[in-house]
Structure formats: C-alpha cells, structure tokens
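Please study the sequence and the model shown here. The dialogue then takes up several features in turn.

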Amino acid sequence: MTRLIFLGPPGAGKGTQAKALSGMCNVPHISTGDILRAAVKAETELGQKAEGYMSAGELVPDDLILDLIRERLSENDTATGWLLDGFPRNVEQAEFLNKLLAEINQTCDVVINLEVPDDELVTRMLSRGRADDKEAVIRNRLEVYREQTEPLIDLYKGSGQLRSVDGNQEMQRVTEALQQFVQCEVNAKGVEA
Ligand code: AMP
C-alpha cells in the first residue's frame with residue numbers, strides 16, 4: 001500500500017517525480033492540476049469555472065476541488081494506494097483530506113516536501129512553456145504557494161508525516177532519494193527476492 005502526498009513549490013518537479021513513483025509502485029498519480037487542465041481543454045463546466053483562476057496563478061475555489069477529490073479517491077484504482085500531486089494546497093483542503101481519509105478508513109503514509117531554491121524554480125517554469133508559465137503568473141504562483149500552501153509543511157511536520165527531499169539535483173537522484181521513503185509493493189517484493 002502506497003499513499004503519498006507531494007508538497008513543494010510550483011516547478012519543484014512534483015509531477016515528474018509523482019509520475020515516476022506512480023509507475024514504479026503501480027498506483028494512480030492524481031494531479032489536481034492535470035485534472036483541471038484537462039477540464040479546461042474539454043471546455044467542461046469545471047474547466048470554464050477554473051480557467052480564469054489558473055491563468056492568473058490563483059488557486060481555484062475549494063468547492064471546485066473537494067468533491068472532485070472525494071470522487072477520485074473512491075474509484076477502484078485507488079485500492080492499492082495513490083499519489084496526490086497538487087492537493088492539498090491550503091489548510092482547508094488539508095483538513096478536508098484528513099476528515100475524508102478518516103471516513104474511508106485510510107491514512108496517508110508520508111508527505112514528501114520537495115525543496116528547490118526560488119531562482120531555480122523560476123528558471124524551470126520559464127523553460128516549461130505551459131500556459132500559466134509566464135513570468136508575472138509564475139511570481140504570483142510562488143506568492144500563493146508561500147501564503148497558502150507552505151503552512152502545510154508545519155502542519156505535516158507536527159503530525160510526523162513530513163519527509164523533506166532535496167529537489168535541486170538530477171531527476172534520477174531525486175527519484176532515488178524518494179524511494180527510501182516509499183514502501184511500495186514493487187520495492188517490498190524486490191527486497192524479499
Ligand atoms: P499545478 O499543475 O499543480 O501547478 O496546478 C496548476 C493550477 O491549477 C494552479 O495554479 C491552480 O490554479 C490550480 N490548482 C491545482 N490544484 C489545485 C488545488 N488543490 N486547489 C486549488 N487550485 C488548484
């Protein structure tokens with residue numbers, strides 16, 4: 001069973017690392033950013049409501065996100081675990097997740113905090129070329145992260161779930177550093193063999 005939350009500023013490589021671990025452990029990578037971008041592309045009601053916030057680098061309102069997470073975590077493929085990337089993003093979302101997990105008799109094993117210096121974050125995001133990766137929007141996303149998401153680091157430190165990983169190294173090294181915190185079926189079998 002692998003249940004992980006990926007924290008860390010925008011541009012830290014959460015998506016890349018979550019994808020790698022999700023493949024290794026065979027559990028779904030649940031990225032609220034990816035879900036929202038797909039909704040914008042498909043021009044669904046959710047996408048239409050979310051688009052303005054996303055292109056300004058603001059968080060979309062919690063009421064657009066919470067039901068979506070509740071539904072996603074009730075799907076069959078989450079039976080072996082999940083990797084959450086981009087959720088929770090503020091204290092309210094973290095409290096909601098705690099309650100939801102208690103309701104469905106689940107716990108989160110580890111909260112990974114990927115640490116990368118600001119200069120490097122901006123460089124990485126500028127080179128990605130995503131719609132919301134323009135310099136002013138990047139700055140706003142970093143500010144929103146500091147104000148709303150960073151307080152979660154202390155919250156999860158307090159609960160003993162936080163593990164910090166240096167995200168400012170080669171991608172493969174970061175994946176290796178993460179593996180020591182992740183006990184997934186694949187690894188457990190590998191150790192036994
Ligand atoms: P990300 O791909 O995680 O960087 O998310 C891209 C954008 O989607 C963010 O800048 C927010 O506008 C929105 N978003 C993603 N996840 C959340 C969330 N949990 N709560 C609110 N907004 C979110």
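What follows is a conversation between a learner and a teacher about reading this structure.

Q: What kind of model is this, and how are residues numbered?
A: This is a predicted model, in which local features need pLDDT of at least 70, side-chain atom pairs count only at pLDDT 80 or more, and totals for chains, interfaces and linings use all residues. Residues are numbered from 1 along each chain as its sequence is written, and side-chain values use heavy atoms, with hydrogens and water left out.

Q: Which residues are closest to the ligand?
A: A residue is near a molecule if one of its heavy atoms lies within 4 Å of it. Here 16 residues surround the ligand, and the closest are Thr32, Arg37, Glu58, Gly86 and Gln93. This shell consists of 6 nonpolar, 4 polar and 6 charged residues; Ala, Val, Leu, Ile, Met, Phe, Trp, Tyr, Cys and Pro count as nonpolar, Asp, Glu, Lys and Arg as charged, and the others, Gly among them, as polar.

Q: Which helix gives the largest share of the shell?
A: Helices are DSSP runs (H or I, at least four residues), as are strands (E, at least two), numbered from the N terminus. Helix 2 (residues 32–41) gives the largest share, 4 residues, and Arg37 lies in helix 2.

Q: Which atoms of Glu58 and Gly86 pair with the ligand?
A: A polar contact with the ligand is a pair of N or O atoms within 3.5 Å. A backbone N or O atom of Glu58 lies 2.6 Å from a ligand oxygen, and a polar backbone atom of Gly86 is 2.9 Å from a ligand nitrogen. At Arg130, a side-chain N or O atom is 3.4 Å from an oxygen of the ligand.

Q: Where does UniProt place the feature "binding site" that includes Thr32?
A: UniProt annotations may be inferred rather than shown by experiment; positions follow the numbering used here, and feature names are shortened. The unreviewed entry places this feature at residues including Thr32, Arg37, Glu58, Gly86, Phe87, Pro88 and Arg130. The annotated positions are spread over 110 residues of sequence, and also in space, up to 24.9 Å between C-alpha atoms.

Q: What is the peptide bond from Phe87 to Pro88 like, cis or trans?
A: The omega angle describes a peptide bond. From Phe87 to Pro88 the bond is cis, with omega near -5 degrees. Pro88 lies in the loop between strand 3 (81–85) and helix 5 (91–103).

Q: What is the phi of Glu43, positive or negative?
A: Phi is a backbone angle. Glu43 has a positive phi of about 55 degrees although it is not a glycine. Glu43 lies in the loop between helix 2 and helix 3 (45–56).

Methods. Polar contact = N/O pair within 3.5 Å; in protein donor to acceptor, adjacent residues only side chain to side chain.
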